[in-house]
Amino acid sequence: MSAPTTEIDCRDLPCPRPIIELAKALPSVAVGDLLAVVARDPAARHDVPAWCRMRGQEYVGEERAADGAPRYVVRRLS
Amino acid sequence: MSSPREVYLDSASSTPLHPAARETLLAAVDRGYGDPRRLHAAGRDARLLLDNARAVVAECLDARPDEVGFTASGTEAVHRGLLGLTTATGRDGIVHGAVEHSSVLHAVAWRSSSAHASVAVDVTGRVDPADLAAAADRPGVGAVALQAANQEVGTLQPVDEVELPAGVPLLVDAAAAVGHVPLPRRWDALTASAHKWGGPAGVGVLVVRRGTRWTNPFPGDDGLDQLGGFPDVPAALAAAAALQAVLAEREEVAVRQFALVDRIRAAAAALPDTEVVGDPVARLPHLVTFSCLYVGGDEIVSALARRGFGVASGSACTASTLEPSHVLAAMGALTHGNVRVSLGRETTADQVEGFCAALTEEVHRIRAEAGL
């Protein structure tokens, strides 16, 4: 997997702010590129894939940031 | 306390007392104080009322009176029912649908077993009966739990299509379904909760079919007559009266509610970036759940409460655990911005129209404030 071009830090943001930030950041990423959101909010694990499904983007998977926080990777498709 | 002007749209959490229950409760409170095991007049009076309650509940649930026991709650009924089945089979493993009520999940966690299995659901929240049967056909499985209908999204489960291996009993948690839809017929134990159908809180029901092996998993004897100690006789009788009354009007109420819920489903589906979850047809008549992108569950519930509508949410921010609903998660549904609406028997079309208008305005306002 190539490195994401953009990462947004939503570690300390409560639900649904990580998803709001994800939606706001999407236009800054070129189609085909990756966008990662780092979020400790437990809802993000379910809501990043659900957002991708609803908004027609690709959910790539979950990783860990250097500090262990969950990092959810999305590919912009449109 | 909810405002007298609030339109209460959370009957799936708890319903107001049905008028029939209220009358019965007030009459029984004065007569039903005695110990039903005693042979004096007060005891015989209480025994008469308790037996009457059991007979009515049995008839309503298509069971025999001696198959019915009253518990302190629907949760206690599930715990005693499920753990009593595994205690009797001597196999601790429990197979269950992934979207069962938390009382089932807690009963499963009570005794560890490598044979426990949670069976996945499809996007509507429905369990595949073949998957459930396959999971049950493994060594160490002592019981299977499958709900009649889901408490959060309303999807009906295909209980009567489940073919379990011989010797593996099925417990059906009917708490969300009783009084709303015809119940499944294929079960060995069934549980329900009176405050969900218009009876008083503090009355759960556990039905164990004759011929089903069930052993009290908690201290006490194995009878269903006095599960968990001294029974609340007046409340049990009021619960029975409510059940009888609710079933008498069920079809008429359900037709009306089904159409009103379709109206809410359409209004929610018309909102941008909003997903209505659960089966649109094979569902409870009075309940609908949807999730709105970019909206906090607590925000939308509070906003609707300010507008005079009382609804529930499965979003994490509204839960004591701060974990999102395991039901929504298992379905792959959006967990934030979640709203569950459940109508009462008297909810009107005007109230539903008012709700739909308030919902649309509040979702747009919250999104605009978030900069979206």
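Contact here means heavy atoms within 4.5 Å. Keep that cut-off handy for the exercises below, and remember that this is a predicted model.

**Exercise 1. Work out how chain B is split into domains, and how many residues of each domain are in contact with the other.**

Step 1: Grab the bounds. Domain 1 of chain B runs over 19–248, and domain 2 takes 250–369.

Step 2: Place the two parts. Taken over C-alpha atoms, the centres of domain 1 and domain 2 of chain B are 28 Å apart.

Step 3: Apply the cut-off. On the domain 1 side of chain B, 28 residues are in contact with 21 residues of domain 2.

**Exercise 2. Find the area buried between the two domains of chain B, and say which three residues of domain 1 supply the most of its share.**

Step 1: Get the total. Domain 1 and domain 2 of chain B bury about 1,900 Å² between them, with 59% of it on carbon and sulfur atoms.

Step 2: Pick out the trio. B:Glu152, B:Val153 and B:His180 supply 35% of the area that domain 1 buries against domain 2, more than any other three residues.

**Exercise 3. Characterise the polar side of this interface in chain B, then the make-up of the domain 1 face.**

Step 1: Look for salt bridges. The rule finds zero across the interface of domain 1 and domain 2 of chain B.

Step 2: Try polar contacts instead. Here the rule gives ten residue pairs, both residues at pLDDT 80 or more.

Step 3: Go through the elements. Helix H4 (102–110) and helix H6 (233–248) of chain B each give two or more residues to the domain 1 side; H6(B) gives the most, with three residues.

Step 4: Sort by class. That domain 1 side has 16 nonpolar, nine polar and three charged residues.

Methods: Residues numbered from 1 in each chain as written. Chains lettered and ligands numbered in written order. Predicted model: local features only at pLDDT ≥ 70, side-chain atom pairs only at ≥ 80, totals over all residues. Heavy atoms only, no water. Domains from an automatic or database assignment. Buried area = accessible area lost by both parts, 1.4 Å probe. Salt bridge = Lys/Arg side-chain N within 4 Å of Asp/Glu carboxyl O. Polar contact = N/O pair within 3.5 Å; in protein donor to acceptor, adjacent residues only side chain to side chain. Helix = DSSP H or I, 4+ residues; strand = E, 2+ residues; numbered from the N terminus. Nonpolar A, V, L, I, M, F, W, Y, C, P; charged D, E, K, R; others polar.
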